[in-house]
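Got your viewer open and your selection tool ready? Follow along stop by stop, picking out the side chains as they come up.

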Amino acid sequence: MEILIELKSALKRQRNKGSTAQDPKEDASISCTISCEEESIKDKTEQEPAQDNTADEFESNDVQFSDSLKSDEMGKSMRMKREEGKLRTLSGRVFNCQGKNLRINIPLTTPSRTLSAISYLVWGDLVNQSSRKCGPEGSKLNINKTKLHHAEKMIKGAFIELYKGLGYLKTYRNLNMLAFVKILKKFDKVTGKQVLPIYLKVVESSYFNSSDKVMKLEDEVEELFTKHFAEEDKRKTMKYLKPHQRKESHTVTFFIGLFTGCFIALFAGYVIMAHISGMYRGQSDTIYMETVYPVLSMFSLLFLHFFLYGCNIVMWRKARINYSFIFELAPTKELKYRDVFLICTTSMTAVVGVMFVHLSLVAKGYSYSRVQAIPGLLCLLFLLLLVCPFNIIYKSSRYRFLRVIRNTILSPLYKVVMLDFFMADQLCSQVPMLRNLEYVACYYITGSFKTQDYGFCMRTKHYRDLAYAVSFLPYYWRAMQCARRWFDEGQTTHLVNLGKYVSAMLAAGAKVAYEKERSVGWLCLVVVMSSAATVYQLYWDYVRDWGLLQFHSKNPWLRNELMLRRKIIYYFSMGLNLVLRLAWLQTVLHSNFEGVDYRVTGLFLAALEVIRRGQWNFYRLENEHLNNAGKFRAVKTVPLPFHEVDDED
């Protein structure tokens, strides 16, 4: 903290001193001397690109330090080789500033920091190989305002976690005292003796109970936080250190029931009207099935997945799986299962209601040209709600979702955390939904809805190629996340996991080729590639993700520790996962329900994959909770930006 204060003061003096001679837009910096023990390589990360600031607009107050909190402890990377250490931190060199030997470590959590560090290493290897040793005066290092801003965020997050840990310690002491008293009361009641006063007198006078060191440390943290991060505002300090938990309301439960009833009624009316008009029969209305049905299918798969996430939360809570800590969710802003169910029921009521109105207008004789824009407006409405900047409809959760999607799309530039790769795994099960999304976007953006030319997107080559690329993107993103984790941690397990997604991409490519040219050769290739990918995925599901199939376990074919009491549930889930993993056989068998449009069969199979993913989610987090399978932190620690080193180091 003292280092940060000194550097900020020096930066302020430097800025005031050069304010008359410098451009006001220029980023002021402090010149420091790098110690001669380290290599003299020019720092390429003095200023971060403007895109980092643009991406930070999605940040909310309670999670504005998420990038810094998610980084690993720098002590781990210091045990790596020197070249690896340079890539894992923005600047791991020792420098002398304000009379102290310091090491500044800014974790590589954003694309700008990652690219800056890579360019720094390349520059050092290719350009400055001849200048490895320092001169007598040492080389210069500029610590600018951007670096100090990141350092301040890291220290601020460390104070918050320290205060939270002190609160846990105080709670731990109180619970132990309460448990001790209750045990002795029970003992006195059973035996008829009066030992409680004797033992309680000794325990209450012990250091464990009488020490006020924790309270003093809490007061000291509050004082420092108020002085340096809250502008002497005590209320602002407590907003960060003791955020209020959001109370659950019975109003939410009421609206869940209300919208559930509305959804059931509207869905029944829609099914009856669709049956009467023959929309979903084998000889159905082609225009409706090609233009409107993809919208309904897309929203159905999306909110089915979201509904299963709500069911996962219920099961995690009952099994006492600490999903909030594993996902690093803000306790004051995370979605509870009631919130998830409310979003699902409200959204599906709106979707089915719009579809019912649209189908009613078509049945009454309105031309498609007059009502075709209705599904597009529905999609636009949901998109506007997702990016709405106003603090309504779970803004923090919406923006957290957007940040996770951004991190996934820009893999491997962002550091991978549990929530990021968990979301990428969900997207791997939503390929049909993504293809529908791409088709609907193409249909309305190109204006094809005005002429009902639904075949335009499949006739145009670049749109057709994009549709095929969507099938590969989720697997590609997940593979890039595995590559980034191998780069950060150096464990070959991540490369083996990467191979699983490469096999999935090869299987998807074979299916795409078979759809273009239905020959026996391509069919055999589809069977071989899909079978190999399925075996690979099943092994990873059971052994790695779920931690099962341990032959020497006390629970046969399972693992030693189980959160569910009934073992048969695990065996049933393993069998169900096997069956649902074989859904690709429909590509070979071309099986359809008799008298039902093939698109409905496709939706049914896609829904089965979503259900399989919902089941996978529970066991994946159960294994992470018990065994830390992903090697993420079991205890939340926050790295500090400055490390003072001795002259000997």
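Start by selecting Phe-306 and Tyr-309 in helix 14 (residues 293-318): they are three residues apart, so about one helical turn separates them. Keep in mind as you look around that this is a predicted model. Show the two rings and check how they face one another. The ring centres of Phe-306 and Tyr-309 are 6.3 Å apart with the planes at 20 degrees, and since planes under 30 degrees apart count as stacked, this pair is stacked. Phe-306 is partly exposed at 24% relative accessibility, while Tyr-309, at 19%, is buried.

Next, hop over to helix 16 (residues 337-363) and pick Tyr-337 and Phe-341, which are four residues apart, again about one helical turn. How are the rings of Tyr-337 and Phe-341 arranged, stacked or edge-to-face? Their planes sit at 75 degrees, with the centres 6.2 Å apart, so this pair is edge-to-face. Both Tyr-337 and Phe-341 are buried.

Now widen the selection. Go back to Phe-306 and Tyr-309 and add Trp-316, Tyr-323, Phe-327, Phe-422 and Trp-616: together these residues form one aromatic cluster. If you feel like hunting for further ring pairs, the whole structure has 28 aromatic pairs.

Rings can have charged company too. Select Tyr-240 and look for Lys-156, which lies over the face of that ring, 4.3 Å from its centre. Then try Trp-540, where Arg-544 lies over the ring face at 5.5 Å from the centre.

Time for some sulfur. Select Cys-442 and Cys-457: a disulfide joins them, with 1.9 Å from S to S. Cys-442 belongs to helix 21 (residues 431-445) and Cys-457 to helix 22 (residues 456-459), and the two are 15 residues apart. The torsion about their S-S bond is about -105 degrees, so this disulfide is left-handed. Cys-442 is buried at 4% relative accessible area, and Cys-457 is buried at 3%. A search of the whole structure turns up one disulfide. For contrast, click on Cys-311, which is in no disulfide: its nearest cysteine sulfur belongs to Cys-344 and is 8.6 Å away. Cys-311 is partly exposed at 26% relative accessibility.

On to salt bridges, of which the structure holds 18. Select Glu-222 and Lys-234, whose closest N and O atoms are 3.0 Å apart. Glu-222 is in helix 10 (residues 213-228) and Lys-234 in helix 11 (residues 234-241), so this salt bridge ties together parts 12 residues apart in sequence. Glu-222 is buried at 11%, but Lys-234 is partly exposed at 44%.

Now find Asp-488 and Arg-484, which meet in a salt bridge at 2.9 Å, N to O. These two sit four residues apart in helix 23 (residues 461-489), so about one helical turn lies between them.

What does Arg-612 meet in a salt bridge? Its partner is Asp-541, at 3.7 Å from N to O. Arg-612 is in helix 28 (residues 598-627) and Asp-541 in helix 25 (residues 520-545), so the pair ties together parts 71 residues apart in sequence. Both residues, Arg-612 and Asp-541, are buried. Add Arg-581 and Glu-609 to the selection, and you have one network joined by salt bridges that share partners.

Last stop: the surface. Select Leu-377, Leu-380, Leu-383, Leu-384 and Val-387, which make a nonpolar patch of about 460 Å². Leu-380 is in helix 18 (residues 373-387) and is partly exposed, with a relative accessible area of 42%.

Definitions and conventions:
Residues numbered from 1 in each chain as written. Predicted model: local features only at pLDDT ≥ 70, side-chain atom pairs only at ≥ 80, totals over all residues. Heavy atoms only, no water. Disulfide = S-S within 2.5 Å. Buried < 20%, exposed > 50% of the residue type's maximum accessible area, 1.4 Å probe, protein only. Phe/Tyr/Trp six-rings, centres within 6.5 Å; stacked < 30°, edge-to-face > 60°. Lys NZ or Arg CZ within 6 Å of the ring centre and 35° of its normal. Patch = residues over 30% accessible without salt bridge, like charges linked within 9 Å, V, L, I, M, F, W, Y side chains within 5 Å. Areas by Shrake-Rupley, 256 points an atom, 1.4 Å probe, with all protein chains shown as cover. Salt bridge = Lys/Arg side-chain N within 4 Å of Asp/Glu carboxyl O.
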